[in-house]
Every structure is written in structure tokens, then in C-alpha cells.
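Hi there,

Here is the structure I promised to pass on. Have a look at it first, and then read my notes below.

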Amino acid sequence: MKGTEATAKYETAITGVNAKINTDNSVTVTGTTVLADTVQISVDGSNYVTASLNADGSFTYTTAILPAGAQTIHVKAFKGSTVVSQTTSVTIPTPAQLVV
């Protein structure tokens with residue numbers, strides 16, 4: 001065959017989602033997307049909020065202060081009508097009791 005070309009297919013993806021508990025019990029969620037226009041994050045089924053998406057595909061979002069216990073974090077990346085998602089979880093520690 002003369003003049004054949006190989007075409008690489010790129011798909012929207014989310015990689016490397018990390019959730020770090022901050023000292024005030026908020027959580028900073030970071031990760032990277034491939035070919036996404038928008039990233040949205042939800043904690044335990046709350047309304048989705050839009051995260052800051054950088055030109056290199058990395059994103060970051062810091063939640064409000066979360067209550068003690070297990071928290072499930074859902075991340076969705078959008079490119080047109082394509083939606084991909086990833087889930088991670090953290091456990092917010094119970095505050096230590098004060099000793100008087």
C-alpha cells in the first residue's frame with residue numbers, strides 16, 4: 001500500500017488523582033487529565049465544583065473543612081460529550097480530646 005499513515009487515537013483520561021488532608025481538615029485534590037476541557041470534583045455526593053485546570057492538564061482543588069470520618073472524592077473530566085471519572089477516598093481524623 002502506497003502512502004499509508006498510522007493514526008494515534010487519543011482519549012480523555014484522568015491520571016494520578018491524589019487527596020491530601022490539610023492541617024485544617026480541608027483536602028487538596030490534585031491530578032492530571034489528558035485532553036480534558038473541564039474537571040469537576042465532588043465530596044461524598046455533594047454538588048460538583050469546577051477545579052482549576054492548567055494548560056498542561058494538571059488540576060487542583062481544595063475543599064472546605066470536612067467532618068471527621070471517611071470521605072469519598074469523585075473526579076470527573078469532560079471533553080465535549082465524553083466524560084471519564086475516578087474516585088479516591090480519605091479519612092479525616094477525629095480531633096484529639098483536650099486534656100485539662
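How many bridges join strand E5 (residues 52-53) to E6? There are 2, and the two strands run antiparallel. In that pairing, Leu53 sits opposite Phe59 of E6. E5 and E6 make a hairpin with 4 residues between them, and Gly57 in that turn has a positive phi of about 95°. Before you go further, keep in mind that this is a predicted model.

E6, which covers residues 58-62, also has E2 as a partner: 5 bridges join them, again in the antiparallel sense. If you want a pair to click on there, try Thr30, which stands opposite Thr60 in E6.

Next, the open sheet. It has 4 strands in the order E4-E3-E7-E8, with antiparallel pairing. The edges are strand E4 (49-50) and E8, each of which pairs on one side only. Inside the sheet, E3 and E7 are joined by 6 bridges, while E3 and E4 pair over 2 bridges. Gln40 is a handy residue for finding your way around here: its bridge partner in E7 is Lys76, and its bridge partner in E4 is Thr50. Beside Gln40 in the list of pairs is Val39, which stands opposite Ala77 in E7. E3 and E4 also form a hairpin, with 5 residues between them. Asp44 in that turn has a positive phi of about 50°.

Now for the inside. The largest nonpolar core has 16 residues. The ones that touch the most other members are Val27, Val29, Val39, Ile41, Phe59, Ile73 and Val75. Which elements give two or more residues to this core? They are strand E1 (13-21), strand E2 (27-34), strand E3 (38-43), strand E7 (69-79) and strand E8 (82-92). So that you can see one of these core residues in its surroundings, pick Ile73. Leaving out residues up to four places away in sequence, Ile73 touches Ala19, Val27, Val29, Ile41, Ser42, Val43, Gln86, Thr87, Thr88 and Val90.

A polar residue worth a look is Asn22, in the loop between E1 and E2. Is Asn22 buried or exposed? It is buried, because its relative accessible area is 18%, and the cut-off for buried is under 20%. The side chain of Asn22 makes a polar contact of 2.9 Å with the side chain of Thr28. Apart from neighbours within four places in sequence, Asn22 is in contact with Val27, Thr28 and Thr62.

Last, the charges. Side chains of opposite charge can pair when their charged atoms come close. The count here comes to 1 salt bridge. It is between the side chains of Asp37 and Lys79, at 3.4 Å from N to O. Asp37 is in the loop between E2 and E3 and Lys79 is in strand E7, so this pair ties together parts that are 42 residues apart in sequence. Both partners are partly exposed: Asp37 has a relative accessibility of 46%, and Lys79 has a relative accessible area of 36%.

That's what I have for now. Shout if anything is unclear.

Cheers

Terms used: Residues numbered from 1 in each chain as written. Predicted model: local features only at pLDDT ≥ 70, side-chain atom pairs only at ≥ 80, totals over all residues. Heavy atoms only, no water. Core = buried A, V, L, I, M, F, W, Y, C linked by side-chain atoms within 4.5 Å. Buried < 20%, exposed > 50% of the residue type's maximum accessible area, 1.4 Å probe, protein only. Contact = heavy atoms within 4.5 Å. Pairing = 2+ DSSP bridges. Polar contact = N/O pair within 3.5 Å; in protein donor to acceptor, adjacent residues only side chain to side chain. Salt bridge = Lys/Arg side-chain N within 4 Å of Asp/Glu carboxyl O.
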